[in-house]
Amino acid sequence: MDTKLKGDIAEQAAVFHALKRGWGVLKPIGDRLPYDLVFDVSGVLIKIQVKYAWFDTPSGNYVVDNRRTKTNRRLMLREAYKQSDFDFALAYIENLDLFYVFPVDIFIGYGSEIHLVEAEKRQRKPRSTNYRDAWKLILQKVLQYEADAQSPISGEEAVVSEIAPFGVPTNEIFL
């Protein structure tokens with residue numbers, strides 16, 4: 001099974017899990033964006049990056065690469081994600097039908113790989129355990145958005161700027 005097929009399996013599993021929770025799911029056209037899906041949770045749009053975890057036999061752990069991979073016919077380029085690229089990364093372990101739900105800041109805070117430990121006999125739990133099946137983190141983010149949207153803004157905080165087409169401030173348009 002090639003990596004594109006594994007990615008498709010993980011994305012479809014994410015769609016299935018989101019739909020079971022009653023969330024809407026949007027899929028961008030193409031794969032040029034830094035996220036794979038958008039969940040519509042109570043009207044709040046959450047950008048999702050989906051990763052397929054593979055089993056690493058020497059370590060006995062599942063592993064996810066937390067870098068963006070761009071490929072063409074001859075070259076594979078990897079680059080770090082940015083905080084603004086997505087809201088959550090979902091790391092999928094297929095044979096367990098299990099997701100790790102990482103907020104973007106946690107996901108990009110790891111090195112180039114995240115090891116997901118599913119072995120029961122460990123003295124100390126790895127920090128990734130906090131994100132095992134943690135769908136509640138997405139709901140908490142939605143509640144945070146809703147609370148922020150309802151908080152009043154004082155006159156000093158409200159800044160009105162005139163925006164021209166394409167999001168360019170009018171004072172930056174040269175005729």
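Trainee: What makes both faces of strand 9 count as covered?

Mentor: L98, Y100 and F102 on one side are buried, and so are F99, V101 and P103 on the other. Buried means under 20% relative accessible area, exposed means over 50%, and partly exposed lies in between (1.4 Å probe, protein chains only). In a regular strand the side chains alternate between the two faces of the sheet. Strand 9 covers residues 98–103, and 6 of its 6 residues are buried, so the strand is largely enclosed by the rest of the structure.

Trainee: What kind of model is this, and how are its residues numbered?

Mentor: It is a predicted model, where local features need pLDDT of at least 70 and side-chain atom pairs count only at pLDDT 80 or more, while totals for chains, interfaces and linings use all residues. Residues are numbered from 1 along each chain as its sequence is written, and side-chain values use heavy atoms, without hydrogens and water.

Trainee: Why are residues 88–93 called strand 8, and how do you know that this strand pairs with strand 9?

Mentor: Strands are DSSP runs of E with at least two residues, helices are runs of H or I with at least four, and both are numbered from the N terminus. Two strands pair if DSSP finds at least two bridges between them. Strand 8 and strand 9 have 6 bridges and run antiparallel, so they count as paired. Y92 stands opposite F99 in strand 9. The hairpin of these two strands has 4 residues between them, and D97 there takes a positive phi near 45 degrees.

Trainee: What makes strand 1 and strand 9 edge strands?

Mentor: They belong to an open sheet of 5 strands in the order 1-2-3-8-9, with mixed pairing. Strand 1 (24–26) and strand 9 each have a single partner strand, so one side of each is left without a neighbour in the sheet. Strand 1 pairs with strand 2 (residues 37–41) over 3 bridges, in the antiparallel sense. In that pair, G24 stands opposite D40.

Trainee: How do you know that helix 3 touches strand 3, and at what angle does it run?

Mentor: Contact means heavy atoms within 4.5 Å. Helix 3 (residues 136–150) lies across strand 2, strand 3, strand 8 and strand 9, at about 155 degrees to strand 3. Such angles run from 0 to 180 degrees between N-to-C directions, using lines fitted to C-alpha atoms, for helices over the stretch in contact.

Trainee: Why is K51 said to have no salt bridge?

Mentor: A salt bridge needs a side-chain nitrogen of Lys or Arg within 4 Å of a carboxyl oxygen of Asp or Glu. Lys and Arg count as positive and Asp and Glu as negative, while His and the chain ends are not counted. For K51, which is buried, the nearest side chain of opposite charge is D65 at 6.0 Å, so the cut-off is not met.

Trainee: What makes the pair of K51 and Y81 a polar contact?

Mentor: Their side chains are 3.2 Å apart. The term means a pair of N or O atoms within 3.5 Å; within protein, one must be able to donate a hydrogen and the other to accept it, and residues adjacent in sequence count only if both atoms are side-chain atoms.

Trainee: Why is S42 called exposed?

Mentor: Its relative accessible area is 61%, so S42 is over the cut-off. S42 lies in the loop between strand 2 and strand 3. Its phi is positive, about 55 degrees, although S42 is not a glycine. Most residues other than glycine have a negative phi.

Trainee: Is D133 buried, exposed or partly exposed?

Mentor: D133 has a relative accessible area of 42%, so it is partly exposed. D133 is found in the loop between strand 10 and helix 3.
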